[in-house]
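Subject: Structure handover and notes on what was found

Dear colleague,

I am passing the structure below to you, together with my notes on it. Please read the notes with the structure open beside them.

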Amino acid sequence: MSPHTTQPSFGPGPQDQLAPQAAPDPSPGHTTLALAERHEALWLSLSALHKDIVALGAKKPGAPVSEPVRIAAEGLLSDCAAFTRKRNERLPVAAADLGGLAVQLGQALAGLETWESHHTSWDARFDCRIWSLHRGYRPILRLNPPAAALKFQPSNMDELRNKLAIRISQRNRGIYREGFAAGLAAARAGGAEDGGAPILGLHRS
């Protein structure tokens, strides 16, 4: 994984303006395709904003952050919470100056990369890193994986498992519907034999 700058060259802003962004220590494990895609899209957006803020703040680190940039930054920092925020930690508030915001965004990027390192592995077949998914196969696209990795299709066992799971679910729903219909019919028949006894707990007025 290529290193990324997490500290601007001009130094941090006032410390009391920095929201806590310490990355958690998730246990190594698998993730879902949806979460992997969300992570990659978020990393690209956050990295682009961080680069722009570092460039702007290099000349004037104490300059105030404009309202549109603040709103965009807080939105991205909030989206990072699923990957970087510790339990019961408050959502971050964007720093008021460019220097402080650059540090915040850099810390958030570091948190995303920490999470990524716990949910990816090296695939020797294609010499690239891939997401450790519960099902399927996906290389980390922003790291420019080889073309062979992009064209690779896993065995159709995953598709077969999905189809089997759908059939089992449909079968269970069918059994439930049949059982419910049979029970309702029996209750109605019993009510008729008893001369109008209550059906399924419903009392006649």
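What follows goes through the core, two of the helices, the aromatic rings and a few loop residues.

Please keep in mind throughout that this is a predicted model.

The core

The largest nonpolar core holds 27 residues, and those with the most contacts inside it are Leu46, Ile53, Leu101, Leu105 and Leu112. Two or more residues are given to this core by each of α1 (33–57), α2 (67–79) and α4 (98–118), and the largest share, 8 residues, comes from α4. Leaving aside residues up to four places away in sequence, Leu101 touches Ile53, Val65, Val69, Ala73, Ala94 and Ala95. There is also a second, separate core of 5 residues, which includes Phe126, Cys128, Ile130 and Tyr137.

Helices α1 and α2

The 25 residues of α1 should span 36 Å at 1.5 Å a residue, and this agrees with its end C-alpha atoms, which are 36 Å apart. The buried residues in α1 are Ala36, His39, Glu40, Leu42, Trp43, Leu46, Leu49, His50, Ile53, Val54 and Gly57, a list that takes in histidines and a glutamate as well as nonpolar side chains. What covers these buried residues of α1 includes α2, α3, α4 and β2. One of them, Trp43, has a further partner, in that the charged end of Arg142 sits over the ring of Trp43, 4.0 Å from its centre.

For α2, the same kind of check can be made: its 13 residues should span 18 Å at 1.5 Å a residue, and the end C-alpha atoms are 18 Å apart, which agrees. In this helix Ala73, Glu74, Leu76 and Leu77 are buried. Viewed down the axis of α2, the buried residues fall within an arc of 165°, and they therefore line one face of the helix. As background, residues three or four places apart in an α-helix point the same way, because there are 3.6 residues a turn. The buried residues of α2 pack against α1, α3 (81–84) and α4, whereas Pro68 and Ile71, on the other side of α2, are exposed.

The aromatic rings

The count of aromatic pairs comes to 3. One of them is formed by Phe83 and Trp115, which meet edge-to-face, with 4.8 Å from centre to centre and 80° between the planes. Because Phe83 lies in helix α3 and Trp115 in helix α4, this pair ties together parts that are 32 residues apart in sequence. Trp115 also pairs with Trp131, and here the arrangement is tilted, at 6.0 Å centre to centre and 50° between the planes. Since Trp115 lies in helix α4 and Trp131 in strand β2 (residues 128–131), this second contact ties together parts that are 16 residues apart in sequence. Taken together, ring pairs link Phe83, Trp115 and Trp131 into a cluster.

As for their surroundings, Phe83 and Trp115 are both buried. Trp115 counts as buried because its relative accessibility is 8%, and Trp131 counts as buried because its value is 2%, where the cut-off for buried is under 20%.

Residues in the loops

Ser132 has its place in the loop between β2 and α5 (147–151), and with a relative accessible area of 14% it is buried. If residues up to four places away in sequence are not counted, Ser132 touches Gly29, His30, Thr31, His119, Thr120 and Ser121.

Two other loop residues may be worth a look for their backbone. Most residues other than glycine have a negative phi. Asp127, however, has a positive phi of about 55° although it is not a glycine; Asp127 is placed in the loop between β1 (120–123) and β2, and it is exposed, with a relative accessible area of 54%. Asn144 likewise has a positive phi of about 55° without being a glycine. The loop that holds Asn144 is the one between β2 and α5, and Asn144 is exposed, with a relative accessible area of 67%.

With best wishes

Conventions. Residues numbered from 1 in each chain as written. Predicted model: local features only at pLDDT ≥ 70, side-chain atom pairs only at ≥ 80, totals over all residues. Heavy atoms only, no water. Core = buried A, V, L, I, M, F, W, Y, C linked by side-chain atoms within 4.5 Å. Buried < 20%, exposed > 50% of the residue type's maximum accessible area, 1.4 Å probe, protein only. Helix = DSSP H or I, 4+ residues; strand = E, 2+ residues; numbered from the N terminus. Contact = heavy atoms within 4.5 Å. Expected span 1.5 Å × (residues − 1). Arc of directions from axis to C-beta. Phe/Tyr/Trp six-rings, centres within 6.5 Å; stacked < 30°, edge-to-face > 60°. Lys NZ or Arg CZ within 6 Å of the ring centre and 35° of its normal.
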